[in-house]
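Good morning, everyone, and thank you for making room for this on the agenda. Please take a moment with the sequence and the structure before I begin.

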Amino acid sequence: MSSNKKTVILLLVVAALIAIVPLFALKGAEFGGSDDAGSEMISEIKGEEYEPWFTPVLETMLDGELPGEVESMIFCLQTGIGVGIIAFVMGRMVERKKWTDELGEDAAERKRA
């Protein structure tokens with residue numbers, strides 16, 4: 001097995017351990033979001049309950065909070081759009097490199113002729 005394959009496998013195992021170990025090591029722990037942690041910290045510092053500056057647009061339109069499944073769906077949609085944009089840009093960069101390499105080879109062949 002090549003060195004690169006060993007490195008990739010090792011990194012995949014480490015990433016899986018980072019994701020799985022806290023679930024078993026911290027039984028009964030609550031894994032809250034950063035919004036909740038930030039609100040609690042602000043309340044501790046100021047000594048009064050944190051009051052958000054505005055309510056999310058969709059919550060205002062629906063007159064209530066979004067169900068968790070809908071929030072997850074919207075988050076996944078945002079992730080998919082972001083990944084699509086990144087993949088498109090990276091593909092363009094690879095194609096540009098191929099084209100410039102081909103043009104460079106053509107120019108070198110013309111100089112030789």
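Let me start with a term: a residue is called buried under 20% relative accessible area, exposed over 50%, and partly exposed in between, with a 1.4 Å probe and protein chains only. Met93, at 52% relative accessibility, therefore counts as exposed. What you are looking at is a predicted model, in which local features need pLDDT of at least 70 and side-chain atom pairs count only at pLDDT 80 or more, while totals for chains, interfaces and linings use all residues. Residues are numbered from 1 along each chain as its sequence is written, and side-chain values use heavy atoms, with hydrogens and water left out.

Now to the overall picture. The protein has four helices and zero strands, where helices (H or I, at least four residues) and strands (E, at least two) are DSSP runs numbered from the N terminus. The radius of gyration of the protein is 25 Å, whereas a compact globule of 113 residues would have one near 13 Å; that radius is taken over C-alpha atoms, and the globule rule is 2.2 Å times the number of residues to the power 0.38. Along its principal axes, the C-alpha trace spans about 80 × 45 × 30 Å, and buried residues make up 2% of the 113 residues.

Which helix holds Met93? Met93 lies in helix H4, residues 68-112, and it belongs to a nonpolar surface patch with Leu77, Ile81, Ile85, Phe88 and Val89, which together have about 620 Å² of accessible area. Accessible areas come from the Shrake-Rupley method with a 1.4 Å probe, and for residues only the protein chains shown count as cover. Patches are made of residues with over 30% relative accessible area and no salt bridge, joining like charges within 9 Å and nonpolar side chains (Val, Leu, Ile, Met, Phe, Trp, Tyr) within 5 Å; a salt bridge is a side-chain nitrogen of Lys or Arg within 4 Å of a carboxyl oxygen of Asp or Glu.

A patch of negative charge also appears on the surface, gathering Glu30, Asp35, Asp36, Glu40 and Glu44. Of these, Glu44 sits in helix H2, residues 34-46, and counts as exposed because its relative accessibility is 61%.

Finally, consider Val8 in helix H1, residues 3-25, which is partly exposed because its relative accessible area is 48%. Val8 and Gln78 are 70 residues apart in sequence, and their C-alpha atoms are 28 Å apart in space.

Methods:
Lys and Arg count as positive and Asp and Glu as negative; His and the chain ends are not counted. The place of a charge is taken as NZ of Lys, CZ of Arg, CG of Asp or CD of Glu.
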